2 protein chains.
Amino acid sequence: MPRVSQDQLDARRREILTGARTCFARHGYEGATVRRLEEEIGLSRGAIFHHFRDKDSLFLAVAEDDAATMVATVAQHGLVQVMRDLLARTEPDVTGWLGSQLEVSRRLRTDPEFAKRWAARSEAVAAATRERLQRQLEAGVLRADVPIGILAQFLELAYDGLVLHLATGRPVQDLEAVLNLVEAAVRRQ
Amino acid sequence: MPRVSQDQLDARRREILTGARTCFARHGYEGATVRRLEEEIGLSRGAIFHHFRDKDSLFLAVAEDDAATMVATVAQHGLVQVMRDLLARTEPDVTGWLGSQLEVSRRLRTDPEFAKRWAARSEAVAAATRERLQRQLEAGVLRADVPIGILAQFLELAYDGLVLHLATGRPVQDLEAVLNLVEAAVRRQ
């Protein structure tokens, strides 16, 4: 058997995640059956589940991929920039993926194991947000009268609101002005 | 056949909505089968669907019921108070009902007829929010540098964020302080 290099493994993994994301976006979590995952990814179930234990793991891996991108943007430009980027990308595959995240809300409430795996992903973004705010505080651009933990949760609330707004297909026209308001609320007055 | 009074009809309708809300909260939109609706409401499908055309209509009627309560609270105390009330009631039947609203996000994006019926409900709350803000502006307690439409959408974004936060079972400990921040952001500085 020929040895498969790490690069090849990584490329295959990436290929699977890209197809899985599209499949979850188009059909939702429930609707993304193994057959549809095979079709969208272009690989057999054997090949897919050689890399990911099950559908949950595949879904969480796509979410972790998102979280990694978000953490990088948050570190450099803040959580409001993540929201602006989201606002600039309202094509069906983006909002569909957000929607599939809403679909698992029941499991997040009722399935502690699933919730724990999901929380690790959110915590990475939350930690990056707090670090970024701390740097902004030190730079004197952040308001100093409210604890950083509260400011971070305020931004996360806005982010969650944006996810729900976009995932339900509501109009985006005024949201840029709304995000300016969100940003101003955490800045030094 | 004895004539049924309007009061009796209203009481029956209310009884159905209460049971349906519990059923949607416990099992989600998809999980609320006709059999489970019968069990939770304590009436036969014939009796239930004499009052409501189908499951969609039942679901939307529960949502309209919510909207009516929200409109009344918004008119008197504002949308932030609606959020505070929600924060004070995090029992499973409340967060479960919020969760079932997330579950229909895909349909809101892909089924224009369903989206239209849902939107009427959101628009009533949005209109009440704008009216309340207008009165606050006239009373001099609202910031005057941002249009009311934007302030209203900012509050709706926070409300949506809270719905997603609670529906996914995340901790609520700091949210009161976060809501104070939301409220302060629309007030005159």
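These legends go with a set of close-ups of a predicted model containing chains A and B.

**View 1. Chain A on its own is built from helices, with zero strands.** Count them up and chain A comes to 10 helices. Walk along from the N terminus and the order of elements is simply α-α-α-α-α-α-α-α-α-α. If you're setting up a box, the C-alpha atoms of chain A fill roughly 65 × 40 × 30 Å along the principal axes.

**View 2. Residues 10–70 of chain A carry a UniProt domain label.** The unreviewed entry calls this stretch "domain: HTH tetR-type". In the model, residues 10–70 of chain A are 87% helix and 0% strand. The C-alpha atoms at the two ends of that span sit 20 Å apart.

**View 3. A second UniProt label covers residues 33–52 of chain A.** Here the unreviewed entry gives the annotation "DNA-binding region". The span of residues 33–52 in chain A comes out at 75% helix and 0% strand, and its end C-alpha atoms are 15 Å apart.

**View 4. Chains A and B meet in an interface that buries about 3200 Å² between them.** Of that buried area, 65% is on carbon and sulfur atoms. Chain B puts 42 residues into the contact and chain A puts in 41 residues.

**View 5. Zooming in on the polar side of the interface, there are three salt bridges between chain B and chain A.** One of them pairs A:Glu103 with B:Arg106, where the closest N and O atoms are 4.0 Å apart. Polar contacts between the two chains come to 10 residue pairs, counting those with both residues at pLDDT 80 or more.

**View 6. Several helices of chain B supply the side that touches chain A.** Which elements give two or more residues to it? In chain B they are helix H1 (6–31), helix H6 (92–103), helix H7 (105–110), helix H9 (148–167) and helix H10 (175–186). H9(B) gives the most, with 14 residues. Sorted by class, this side of chain B has 21 nonpolar, 13 polar and eight charged residues.

**View 7. Chain B lands on chain A after a rotation of 180°.** The shift along the axis is 0.0 Å, and the superposition has an RMSD of 0.0 Å. The two copies are therefore related as by a two-fold rotation axis. Which C-alpha of chain B is nearest the axis? That of B:Gly161, 1.8 Å from it. Both copies use the same surface, with 98% of the contact residues of chain B recurring in chain A.

Key. Residues numbered from 1 in each chain as written. Chains lettered and ligands numbered in written order. Predicted model: local features only at pLDDT ≥ 70, side-chain atom pairs only at ≥ 80, totals over all residues. Heavy atoms only, no water. Contact = heavy atoms within 4.5 Å. Buried area = accessible area lost by both parts, 1.4 Å probe. Salt bridge = Lys/Arg side-chain N within 4 Å of Asp/Glu carboxyl O. Polar contact = N/O pair within 3.5 Å; in protein donor to acceptor, adjacent residues only side chain to side chain. Helix = DSSP H or I, 4+ residues; strand = E, 2+ residues; numbered from the N terminus. Nonpolar A, V, L, I, M, F, W, Y, C, P; charged D, E, K, R; others polar. UniProt positions renumbered as here; feature names shortened; annotations may be inferred. Least-squares fit on C-alpha atoms with pLDDT ≥ 70 in both.
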